[in-house]
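Reader: Please give me a close look at one part of this fold, and tell me what its side chains do. Keep it brisk.

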Amino acid sequence: MRLSNLHSATMQELVEQLQEAREDKKRLRKDLKEFEDQFFRQNGRNVQKEDRSPLAAEYNEYKHVKAKLRLLEVLISKRDSTKII
């Protein structure tokens with residue numbers, strides 16, 4: 001589901017998207033952490049921005065997944081607060 005469609009999604013769809021996004025974030029974070037640990041073992045230092053090029057797509061996807069999570073959480077909390085009123 002695209003971000004533009006999330007605003008018109010039902011609560012059920014939002015919760016499903018939230019679960020998927022959390023799983024995506026967890027998977028990506030695991031892959032990135034493995035890369036960073038391996039890089040540290042090989043080079044003796046933490047990964048710098050310039051060093052991320054082998055996994056640039058994954059870092060970018062991780063950034064977008066985090067933004068999607070924030071949006072979903074806001075939309076869900078907004079829907080919950082309107083039910084109370």
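Author: Start with a rule. A salt bridge here is a side-chain nitrogen of Lys or Arg within 4 Å of a carboxyl oxygen of Asp or Glu. The model is predicted. A search of the whole structure finds 6 salt bridges by that rule. Side chains of opposite charge can pair when their charged atoms come close.

The part to look at is helix α2. The helix covers residues 11–43, and E23 is found in it.

Take the salt bridge between R22 and E73 to begin with. Their side chains meet at 3.8 Å, N to O. That value is within the 4 Å limit, so the pair counts. R22 lies in helix α2 and E73 in helix α3, so this contact ties together parts that are 51 residues apart in sequence. What about cover? R22 counts as partly exposed, at 46% relative accessibility. E73 is partly exposed too, with a relative accessible area of 39%. Both values fall between the cut-offs of 20% and 50%, which is why neither residue is called buried or exposed.

Now a salt bridge inside the helix. The side chains of K30 and E34 meet at 3.7 Å, N to O. K30 and E34 are 4 residues apart in helix α2, so about one helical turn separates them. K30 counts as exposed, at 54% relative accessibility. E34 counts as partly exposed, at 45%.

R29 adds another salt bridge, with E36 as its partner. The closest N and O atoms of R29 and E36 are 3.3 Å apart. R29 is partly exposed, with a relative accessible area of 30%.

Next, charge without pairing. E13, E16, E20, E23 and D24 form a negative surface patch. Follow E23, one of its members. E23 is exposed, with a relative accessible area of 56%. A patch residue needs over 30% relative accessible area and no salt bridge, so the 56% of E23 passes the area test. Q12 also lies in helix α2. Q12 is exposed, with a relative accessible area of 54%. How far is Q12 from K26 in space? Their C-alpha atoms are separated by 21 Å, and the two residues are 14 apart along the chain.

Turn to the covered residues. A21 lies in helix α2. A21 is buried, with a relative accessible area of 3%. The cut-off for buried is under 20%, so A21 meets it. A21 and H64 are 43 residues apart in sequence, yet 9.9 Å apart in space, C-alpha to C-alpha.

Aromatic rings come next. The count is 1 aromatic pair. F35 and F39 form that pair, with 6.2 Å from centre to centre. The angle between the planes is 45°, and the pair is tilted. Why tilted? Planes under 30 degrees apart count as stacked and over 60 as edge-to-face, so 45° falls in the rest. F35 and F39 are 4 residues apart in helix α2, so they too sit about one helical turn from each other. F35 is buried, with a relative accessible area of 14%. F39 is buried as well, with a relative accessible area of 10%.

Finally, look past the helix. L55 has its place in the loop between α2 and α3. L55 counts as buried, at 18% relative accessibility. The C-alpha atoms of L55 and L32 are separated by 7.8 Å, with their positions 23 residues apart along the chain. Q48 is placed in the loop between α2 and α3 too. Q48 counts as partly exposed, at 38% relative accessibility. The C-alpha atoms of Q48 and E23 are separated by 26 Å, and these residues are 25 apart along the chain.

To put the helix together: A21 is buried, F35 is buried, and F39 is buried. E23 is exposed, as is K30. R22 in helix α2 pairs with E73 in helix α3.

Notes: Residues numbered from 1 in each chain as written. Predicted model: local features only at pLDDT ≥ 70, side-chain atom pairs only at ≥ 80, totals over all residues. Heavy atoms only, no water. Patch = residues over 30% accessible without salt bridge, like charges linked within 9 Å, V, L, I, M, F, W, Y side chains within 5 Å. Areas by Shrake-Rupley, 256 points an atom, 1.4 Å probe, with all protein chains shown as cover. Lys, Arg positive; Asp, Glu negative; His and termini not counted. Charge placed at Lys NZ, Arg CZ, Asp CG, Glu CD. Helix = DSSP H or I, 4+ residues; strand = E, 2+ residues; numbered from the N terminus. Buried < 20%, exposed > 50% of the residue type's maximum accessible area, 1.4 Å probe, protein only. Phe/Tyr/Trp six-rings, centres within 6.5 Å; stacked < 30°, edge-to-face > 60°.
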